[in-house]
Amino acid sequence: MSAAVPERPARVKAVGLLSGGLDSTLAARVLLDQGIEVLGINYSTGFCMNDHRRAMGRAEDDPRRLRNEGLRAGSDLGIPIEILDAGEAYLKMVLNPKHGYGKRANPCIDCRIYMIHGAAEYMRDHGAHFVFTGEVLNQRPMSQHMRSLQLVEKECGLAGFLLRPLSAQHLPPTIPEERGWVDRDRLLAISGRSRREQIALSRAWGIEDYPQPSGGCCFLADENFARRFHDKKEHTSIDEIRREELILLKVGRHFRLAPALKIIVARDESENNFLTRFIASNWQFEVPDTGSPITLVEGDPDQEMRRLIAAITARYSDRRAEALVEVSGRRAGHEERLIVPPAADQALEAYRI
Amino acid sequence: MRGWALNLTNDRQEARSAPADEILDTVGLYCPIPIIRTAERLKRLDGGAVLEVISDDRVILIDMPAWCRSTGHSFLGSRQEGQEYRLLVRKKEEPV
């Protein structure tokens with residue numbers, strides 16, 4: 001790799017993963033202050049909670065809180081941002097991560113490898129000289145301790161060309177530092193979970209508009225999502241899990257009625273609208289002429305199961321207090337009407353995911 | 001209107017009158033796919049060309065100007081038609 005990189009580039013160019021959070025913003029700023037040209041990339045993984053809230057389109061959500069922070073940071077810093085769709089390869093990684101999951105469904109090490117590997121390709125395609133991230137040594141238990149930082153660098157094929165400006169002085173010098181492209185003395189020595197130093201720096205540099213850290217915005221690290229995710233993996237061959245099925249894990253109440261039968265019951269009108277985008281050949285149930293959730297079925301229910309699904313749908317409709325409720329079940333142009341008592345809450349718990 | 005009224009529609013004269021060289025329909029696409037598609041389409045256009053992007057994602061009224069500022073393209077403005085937003089972006093001139 002070093003043979004392809006000029007020893008003294010006229011203008012040093014770096015590619016960084018820019019989420020728009022405080023750490024990646026500061027990392028970019030550290031390099032900009034050294035006169036380095038910075039290109040930012042921002043991955044769309046399909047698991048961002050903010051993006052999902054946007055897709056739900058709820059009027060009560062403040063749009064300013066739903067903005068893409070990577071784009072906002074790029075605008076504030078004056079650096080170009082390219083949003084990359086992580087795509088199917090990312091989904092395959094999420095379903096079968098080489099380095100396993102964290103506490104939830106979060107494959108943090110493999111995710112870092114995936115994204116930094118992509119940044120390395122972007123670096124080569126755009127004539128840049130190294131990659132940087134806003135990672136901070138020992139900030140996160142799974143992906144940001146010394147061993148994992150070194151592992152990620154090695155597996156991305158970026159040995160020596162991956163710079164972490166915020167923790168650089170705790171880490172071995174990189175090639176950009178050794179060659180004098182980057183002044184190591186002007187890099188930082190931050191480590192640990194406290195964000196005191198980052199906040200002090202942001203004040204000193206006038207960086208005020210950044211999202212507050214709130215445990216991340218990734219569904220994969222969310223407890224409820226993770227339970228549904230692992231249920232899906234347990235009951236479906238990994239090769240058969242489709243992107244749409246993972247998207248649907250984000251919405252509604254989920255009930256597994258049998259090993260090959262699951263339902264999703266919408267919780268409000270936005271989720272009803274969302275679910276209707278995914279109705280193709282699936283069964284769907286709802287109570288006509290009243291406030292009712294749409295219930296989307298994954299699997300092929302027999303008559304007994306269709307009655308159970310109707311009862312659960314009735315339970316979450318506005319007619320839940322009535323003794324018997326008429327429910328409509330439809331699939332591919334076929335409709336049947338079932339008259340059922342709404343399901344009892346206690347009975348539901350046995351099925352809830 | 002219930003909820004947040006997004007008063008960001010930049011309905012400048014330029015947005016109403018600038019002719020678009022191409023139209024990109026991103027209605028129904030989830031964020032941030034409309035921005036990705038915009039970037040892809042602009043790569044195929046000449047410098048100075050104007051692209052009209054149609055979207056039903058109201059937050060694009062924040063994201064598109066930010067993306068234009070970061071990349072050097074010009075955000076010419078937007079207007080709302082029903083549930084859809086029409087945004088105009090002029091591609092930056094390529095360095096000679």
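**Helix crossing, chain contact and selected residues in a predicted model**

The axes of helix H1 (residues 22-32) of chain A and helix H8 (residues 196-204) of chain A come within 11 Å and cross at roughly 55 degrees. An angle of this kind makes H1(A) oblique to H8(A), because it falls in neither the roughly parallel range, under 35 degrees, nor the roughly perpendicular one, 65 to 115 degrees. The crossing of H1(A) with H8(A) is left-handed. On the H1(A) side, the contact is made by A:Leu22, A:Asp23 and A:Leu26, and these meet A:Gln198, A:Leu201 and A:Ser202 of H8(A). Sorted by class, the residues of this contact are three nonpolar, two polar and one charged. As with everything described here, this helix pair belongs to a predicted model.

A wider view of chain A comes from its domain assignment, which gives domain 1 (2-204) and domain 2 (251-349). The centres of domain 1 of chain A and domain 2 of chain A, taken over C-alpha atoms, are separated by 43 Å.

Chain B can be introduced through its secondary structure. It contains three helices and four strands, and along the sequence these elements follow the pattern α-β-α-β-α-β-β. Chain B has 96 residues, of which 34% count as buried. Contacts that link distant parts of the sequence can also be counted: among contacts in chain B between residues at least 6 apart in sequence, 70% join residues at least 24 apart.

The two chains also touch each other. In this interface, 23 residues of chain A are in contact with 20 residues of chain B. On the side of chain A that touches chain B, at least two residues each are supplied by helix H2 (49-56), helix H3 (69-77) and strand S3 (81-85) of chain A. The residues on that side of chain A comprise nine nonpolar, four polar and ten charged.

Some individual residues of chain A are worth a visit, beginning with A:Phe130. This residue is placed in strand S4 (residues 130-132) of chain A. A:Phe130 counts as buried because it has 27 C-beta neighbours inside 10 Å, and the cut-off for burial is 20 or more. Leaving aside neighbours within four places in sequence, the contacts of A:Phe130 are A:Ala14, A:Met123, A:Phe161, A:Leu163, A:Thr174 and A:Pro176. A:Phe130 and A:Val12 are 118 residues apart along the chain, yet 8.7 Å separates their C-alpha atoms.

Next come two residues with a backbone angle that calls for a second look. Most residues other than glycine have a negative phi. A:Asn138 is not a glycine, yet it has a positive phi of about 65 degrees. A:Asn138 is found in the loop between S4 and helix H6 (146-155) of chain A. With 15 C-beta neighbours inside 10 Å, A:Asn138 counts as partly exposed, because that count lies between the cut-offs of 12 or fewer for exposed and 20 or more for buried.

A positive phi is also found at A:Asp289, again a residue other than glycine, where the value is near 60 degrees. The position of A:Asp289 is in the loop between strand S8 (284-286) and strand S9 (295-298) of chain A. A:Asp289 has 10 other C-beta atoms within 10 Å and is therefore exposed, since 12 or fewer is the cut-off.

Key. Residues numbered from 1 in each chain as written. Chains lettered and ligands numbered in written order. Predicted model: local features only at pLDDT ≥ 70, side-chain atom pairs only at ≥ 80, totals over all residues. Contact = placed C-beta atoms within 7 Å. Nonpolar A, V, L, I, M, F, W, Y, C, P; charged D, E, K, R; others polar. Domains from an automatic or database assignment. Axes fitted to C-alpha atoms, helices over the stretch in contact; angles between N-to-C directions. Parallel < 35°, antiparallel > 145°, perpendicular 65-115°, else oblique. Left-handed = near helix turned anticlockwise from the far one by under 90°.
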